[in-house]
Amino acid sequence: MMSRGVSYTLDGFLCVDEASVLGALTAAVASTGVQATRTTQIDSWKRQIEILRLAARRLIDLNPKSSSWSLILEYELPRRQKRPDAVLLADGVIHVIEFKVGANVYDHASRWQAEEYCLNLRDFHAESRGHPIVPVLCVTKAPNTVNGPPEIRQSIADVQFANEENLPDVLITAQRFASQSAPSLIDADRWIHSAYRPTLSIIEAAERLYAGHEVREISHSYATNLNATTDMLARVIGDARASRTRYVCFITGIPGAGKTLTGLNVVHDPSLRDSRERSGIFLSGNGPLVKIVREALVLNRQRAGRRRQDCAHEVSTFIQNVHQFLRYHRENPSARPHEHVVVFDEAQRAWNEHQMLRKQGVSTSEAAELLDVMDRLHDWAVVIALVGGGQEIFLGEGGLEEWGRAVAERPHWTVVASPEVISGGESVSGHRLFDGGIPDRVRVREEPLAHLSVGVRSHRAQTFTEWVNAVLRLDLEGARVSIPDTREFPLYVTRSLDEARKWLHDHCLPGGDQRPGLLATSEDQRLRAYGLERSSAFMLGFSFEKWFLMPSDDCRSSHALEVAASEFECQGLELDWVGLCWGGDFTLSEEGAWDYRKFRGSSWQRVRDDVEKAYIRNRYRVLLTRARAGMVIWVPPGKKGDDTLDPARFDRVHRLLLAAGVPDLPESAGGAA
């Protein structure tokens, strides 16, 4: 149950006694599941009430019409465990006031906290949409600060700084500027009871879908493309069932556009399957993703009182490792799949024939074998291949072309494809389903809705993928054009790992649900010099299920910022705040070109094979696109006299990122904007 906070008009707030306000605040917070309110919180509320009363009197004296403005205290932002101290609805302007009682410095963490409340309201709170929102940071003992005119960018004003004495003057000045862009008055009751739909992580989405919700119920306002793609796939499944035909669908999208979320919805949404048939199945060759999502679903069921063994068995029928799925059907050649709909996540990572022979002892590609297994069904089948661009990161991953070869040999499968896989668009890094054009016997329907063009992972940085691609191809001008606004998607570079950790901690308050984490390349064993172990023995022995799922007070969780996940553990998943640790495997030569390397024994070796170079480049594409809210890139300082930690190489990477538009993270300020 969410709390709508405690609301008054300004004149009503002046009439109610302090004890009544404190009682209402305690009850409101208790309704969110907090069992007891600490004495320090009560004392803070008392001081806030006192300051707000003085501010209300002053505002009404200066502008009698403000007596009808609405003041909401401790309004909860659902599921985010966030409650702005006060929200003032002033005609068509929303002022969000964050108090720091007894403090005397406008520190970065507090500034970001006030600003983030406003960003969340703008992005997810229906009745706030289109209205100017002003973040106000009231540090009660801070000296007077001269605020510039509150420039409003994308509905959010610059942070306004106030103390316990000048808060009303700051509010009046901000209101005067912001009201010029207010589209209409705000109905306080509608605002308080507004719909609020925050972006879900893959893990959260899986939990909600497993509980019977639909994607359209849980996606934010930017994700209309995602809903349209889900509806399109529902029509394909319905047509396959009715006409007893077979379809293979290729879904593309920019990193973070919701391909995995769409796939999870398709296989588990009751509206997309016949009541007489089992749900579809979600397959992935990404072992860590399968383990982590499974564990999240099991824990979610356990919290509802179910036995772990029962939960694990139930969940295993919903999401499986593709290698195990195919092995079962290979060993049982007469067995027909229970499911008519199969989603293959990260389908570009399907093994080619050589890798299948090496790993499984069979002379066929993984794409071909999956189509053959689904051909065992006598009537109809749908295979949905979710394809990421430039995401092949390991030996033997066949890419999009491997699927084209499999389909060309099986023309009874009708192809529904994103235009990107036919033309070789940016989202698939120029790869094509059919290298030499569409084969004569293959039926192909290009479907624009099969491409997800809007990011839902980093919804405030819709051009961030373009920035990543530009950096990887050393297009500095293109990178500077596409780099996101630092306020919308904070992005910094630093040479200090300690400063990077401090910045991540500042953006993830204790007890909140946002998750920070360190990411690093799997290849650089020399990050050990900075306390980051990368050996395969360590990584295999560490529980990344706990790293992704445990709360901030658990030392095994990503919050500890002690263990870095590699591209293998994080592909397909996401973190709110990422600390990317740059490795020595992908640095710049003296001539300014990318230098690809691998660490063997006690030294670095240059990589000359173009395919292996592509894997290294794709490794960083994955690592750079895991953040939902913001990222700091740590470039190690290196060590003079140690060839394995050559400072010059890392200096060149640092200069490249600066030239690509990434600002240095100010030390000691923890990243103040």
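Helices (H or I, at least four residues) and strands (E, at least two) are taken here as DSSP runs, numbered from the N terminus. The model is predicted, so local features are described only at pLDDT of at least 70 and side-chain atom pairs only at pLDDT 80 or more, while totals for chains, interfaces and linings use all residues. Residues are numbered from 1 along each chain as its sequence is written, and side-chain values use heavy atoms, with hydrogens and water left out.

A convenient place to begin is threonine 252, a residue of strand β9 (residues 246-253). Threonine 252 has a relative accessible area of 0% and is therefore buried; buried means under 20% relative accessible area, exposed over 50%, and partly exposed in between (1.4 Å probe, protein chains only). Its side chain makes a polar contact of 2.7 Å with the side chain of serine 418, and another of 2.8 Å with that of histidine 451. A polar contact is a pair of N or O atoms within 3.5 Å; within protein, one must be able to donate a hydrogen and the other to accept it, and residues adjacent in sequence count only if both atoms are side-chain atoms. With neighbours within four places in sequence set aside, the residues in contact with threonine 252 (heavy atoms within 4.5 Å) include Lys259, Val387, Glu420, Val428 and Leu452.

Leucine 449 lies in the loop between β15 (444-446) and β16 (451-452). With 27% relative accessibility, leucine 449 is classed as partly exposed. Although leucine 226 is 223 residues away along the chain, its C-alpha atom is separated from that of leucine 449 by 8.7 Å. Not counting residues up to four places away in sequence, leucine 449 touches Asn225, Ala228, Thr229, Met232 and Arg235.

Next comes an open sheet of three strands, arranged in the order β21-β22-β23 with antiparallel pairing. The edges are occupied by β21 (586-588) and β23 (603-606), each of which has a single partner strand, so one side of each is left without a neighbour in the sheet. From one strand to the next, the twist averages 45°. Strands are said to pair if DSSP finds at least two bridges between them. Three bridges link β21 and β22 in the antiparallel sense, and phenylalanine 586 has tyrosine 596 of β22 as its bridge partner. On the other side, β22 (residues 594-600) is joined to β23 by four bridges, again antiparallel. Here lysine 598 is partnered by glutamine 605 of β23, and arginine 597 by arginine 606. Five of the seven residues of β22 are buried, so this strand is largely enclosed by the rest of the structure.

Both hairpins of this sheet contain a glycine with positive phi. Five residues separate the strands in the hairpin of β21 and β22, where glycine 592 has a phi near 95°. Two residues separate β22 from β23, and glycine 601 in that hairpin has a phi near 65°.

Two helices lie across these strands. Helix α24 (residues 610-624) crosses β21 and β22, running at about 95° to β22. Helix α25 lies across β21, β22 and β23, at about 85° to β21. For these angles, axes are lines fitted to C-alpha atoms, for helices over the stretch in contact, and angles run from 0 to 180 degrees between N-to-C directions. Helix α25 (residues 647-659) has 13 residues and reaches 18 Å from its first C-alpha to its last, close to the expected 18 Å; the expected span is 1.5 Å times one less than the number of residues. Buried residues of α25 include Pro647, Phe650, Val653, His654 and Leu657. At the start of α25, a side-chain oxygen of aspartate 646 comes to within 3.1 Å of the backbone nitrogen of alanine 648. Just after the helix, glycine 661 takes a positive phi of about 100°.

Elsewhere, helix α15 (residues 366-374) is mostly covered, with eight of its nine residues buried. Among them are Glu366, Glu369, Leu370, Leu371 and Met374.

Finally, the cysteines deserve a brief word. A search of the whole structure finds zero disulfides, a disulfide being a pair of cysteine sulfur atoms within 2.5 Å. Cysteine 138 is buried, with a relative accessible area of 0%, and cysteine 249, at 1% relative accessibility, counts as buried too.
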